[in-house]
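Trainee: I have a structure open and would like to learn how to read it feature by feature. Could we start with a charged pair and work outward from there?

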Amino acid sequence: IQAWKENFAGTQDINTFWDIYDPNTTSIWTMVYDESDSNETLHDTIAIVSDFIHQPTMKQIQTDCFAIIHTFDTLEIEGLWIFNGPTPEGLFGINEDTSWYTFHQLGPDATDLVKAAVIDRMIPTDGKVDGKVIKDTKVFS
């Protein structure tokens, strides 16, 4: 994943990811913040994401994953995570705030639907994902 992360940071070329993707060693997950209905301001909602990804314990898994997390105008938080390994258990073990989020696996096979979902979240068109306007994006890499 590390070589792909460096390439993506410079080019945003998702196609190189599919060249190295192996569903036996890598997994792709969506993440949704469960408490979005209690978010009151965009600033506070963005802070939730920042606090989540900047916890000191997150450095333990930084080389083993990649995430892009969007905050929407609706004050919802959604993300896409790519992990070395079959599950996000490493993340759950080091960051207790994961209990505020629901994770769902995409794939594991890289079907056209999975690829489209990944591209929509990583390289959104018109600043939107699933019709929701992105107000902020954080990358954990």
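Mentor: Happy to. Lys 132 and Glu 78 form a salt bridge, with their closest N and O atoms 2.3 Å apart. Keep in mind as we go that this is a predicted model.

Trainee: Where in the chain do Lys 132 and Glu 78 sit?

Mentor: A good habit is to place both partners on the chain. Lys 132 belongs to strand β6 and Glu 78 to strand β3, and the pair links distant parts of the chain, 54 residues apart.

Trainee: Are Lys 132 and Glu 78 buried or exposed?

Mentor: Both Lys 132 and Glu 78 are buried. For the lysine you can follow the reasoning: buried means under 20% relative accessible area, and Lys 132 has 17% relative accessibility, so it counts as buried.

Trainee: Which residues are linked with Lys 132 in a network of salt bridges?

Mentor: When one charged residue has a partner, check for another. Here Glu 76, Glu 78 and Lys 132 are linked in a network of salt bridges. The side chains of Glu 76 and Lys 132 meet at 3.7 Å, N to O. Glu 76 is in the loop between β2 (65–72) and β3 (77–84), 56 residues from Lys 132 in strand β6. Glu 76 counts as partly exposed because its relative accessibility is 28%.

Trainee: How many salt bridges are there by this rule?

Mentor: The count comes to 4. One of the salt bridges joins the side chains of Arg 121 and Asp 130, at 3.3 Å from N to O. Look at accessibility again: Arg 121 counts as buried at 15%, whereas Asp 130 is exposed at 54%.

Trainee: Next, the sheet. What is the order of its strands?

Mentor: To read a sheet, walk across it from one side to the other and note the direction of each pairing. This open sheet of 6 strands runs β4-β1-β3-β2-β6-β5, with antiparallel pairing. The edge strands, β4 (101–106) and β5 (128–129), each pair on one side only.

Trainee: How many bridges join β3 to β1, and how many join β3 to β2?

Mentor: β1 and β3 pair over 7 bridges in the antiparallel sense, and β2 and β3 also pair antiparallel over 7 bridges. To find the register, look for residues that face each other across a pairing. Trp 29 stands opposite Trp 81 in β3, and Phe 66 has Ile 82 in β3 as its bridge partner. β3 is mostly covered, with 7 of its 8 residues buried.

Trainee: Which residue in the hairpin of β2 and β3 takes a positive phi?

Mentor: That is Leu 75, with a positive phi near 70 degrees; the hairpin has 4 residues between the strands.

Trainee: Could you show me how to describe one residue in β3?

Mentor: Give its place, its accessibility and its contacts. Leu 80 lies in strand β3 and is buried, with a relative accessible area of 0%. Leaving aside neighbours within four places in sequence, the contacts of Leu 80 include Ile 28, Trp 29, Phe 66, Ile 68, Val 118 and Met 122.

Trainee: And what about β2? Which residue does the side chain of His 70 make a polar contact with?

Mentor: The partner is the side chain of Thr 137, at 2.9 Å. His 70 lies in strand β2 and counts as buried at 3% relative accessibility. Beyond its neighbours within four places in sequence, His 70 is in contact with residues that include Glu 76, Glu 78 and Arg 121, and we met these three in the salt bridges. As for the pairing, β2 and β6 are antiparallel over 6 bridges, and Thr 71 stands opposite Asp 136 in β6.

Trainee: Finally, the helices. Which residues of α5 are buried?

Mentor: In helix α5 (residues 112–122), they are Val 114, Ala 117, Val 118, Arg 121 and Met 122. Viewed down the axis of α5, the buried residues fall within an arc of 120 degrees, so they line one face of the helix. The face turned away from the buried side carries the exposed residues Asp 112 and Leu 113.

Trainee: Which strands does helix α3 lie across?

Mentor: Helix α3 (residues 42–53) lies across β1 (26–33), β2, β3, β4 and β6, and it runs at about 25 degrees to β6.

Definitions and conventions. Residues are numbered from 1 along each chain as its sequence is written. This is a predicted model: local features need pLDDT of at least 70, side-chain atom pairs count only at pLDDT 80 or more; totals for chains, interfaces and linings use all residues. Side-chain values use heavy atoms; hydrogens and water are left out. Buried means under 20% relative accessible area, exposed over 50%, partly exposed in between (1.4 Å probe, protein chains only). Helices (H or I, at least four residues) and strands (E, at least two) are DSSP runs, numbered from the N terminus. The arc is that of the directions from the helix axis to the C-beta atoms. A polar contact is a pair of N or O atoms within 3.5 Å; within protein, one must be able to donate a hydrogen and the other to accept it, and residues adjacent in sequence count only if both atoms are side-chain atoms. Contact means heavy atoms within 4.5 Å. Two strands pair if DSSP finds at least two bridges between them. Axes are lines fitted to C-alpha atoms, for helices over the stretch in contact, and angles run from 0 to 180 degrees between N-to-C directions.
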